[in-house]
Amino acid sequence: VVKCTMRPSAVAGFLQWLERADVGCTVQAHAGNGIVFAALPKLPPLGASKWIIQQLRPALQAAGGNAIAWSTTEPDELTPHAAWGGATSATAVMQSVKRQFDPKNLLNRGRYFFA
């Protein structure tokens, strides 16, 4: 299951993109807040991480959005980049704050702040 966020005005177009992508998913969409959950019954041929990063996320970025993996039956298939979303300018700020307060990287090692 992937959670997709976008401008509310982009939901209908994104649902059409999902249909053309032919990944056989079921969706729960809320056009009022721009959140779409898509459940993929099987992994796309690229694999979940590559599909999210190479195809899904670029389609959403055009709609002012992003995607993260919400749940999976194949946790080893997901990279931190696919699970937590792409790096942004906010990610760099959060990483610098973490380095300041946890210089030895003892807390939550390998979680969220992928680098």
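Reader: How many helices and strands does the protein have?
Author: Happy to start there: this is a predicted model, where local features need pLDDT of at least 70, side-chain atom pairs count only at pLDDT 80 or more, and totals for chains, interfaces and linings use all residues. Residues are numbered from 1 along each chain as its sequence is written, and side-chain values use heavy atoms, leaving out hydrogens and water. Helices (H or I, at least four residues) and strands (E, at least two) are DSSP runs, numbered from the N terminus. From that end the elements run β-α-β-β-α-β-α-α, which comes to 4 helices and 4 strands.

Reader: What share of the residues is buried?
Author: Buried is under 20% relative accessible area, exposed is over 50%, and partly exposed lies in between (1.4 Å probe, protein chains only). For the 115 residues of the protein, the buried share is 28%.

Reader: Which helix gives the most to the largest nonpolar core?
Author: A nonpolar core is a set of buried Ala, Val, Leu, Ile, Met, Phe, Trp, Tyr and Cys residues joined through side-chain atoms within 4.5 Å. Of the 17 residues in the largest one, Cys 4, Met 6, Phe 14, Leu 56 and Leu 60 touch the most other members. At least two residues each come from β1 (2-5), α1 (11-21), β3 (35-39), α2 (48-61) and β4 (66-69). With 4 residues, the top contributor is α2.

Reader: Which residues does Cys 4 touch, beyond those up to four places away in sequence?
Author: Contact here means heavy atoms within 4.5 Å. With those sequence neighbours left out, the partners of Cys 4 are Phe 14, Gly 34, Ile 35, Val 36, Leu 56, Leu 60, Asn 66 and Ala 67.

Reader: Why do the buried residues of α1 lie on the same side?
Author: The residues in question are Val 11, Phe 14 and Leu 18. They share a side of α1 because their arc around the axis, taken from the directions from the helix axis to the C-beta atoms, is only 60 degrees.

Reader: What covers the buried residues of α1, and which exposed residues sit on the face turned away?
Author: The cover includes β1, β2 (26-30), β3 and α2. Turned away from the buried side is a face with the exposed residues Ala 12, Glu 19 and Arg 20.

Reader: Is Val 97 buried, partly exposed or exposed?
Author: Val 97 is found in helix α4 (residues 89-101). With a relative accessibility of 38%, Val 97 counts as partly exposed.
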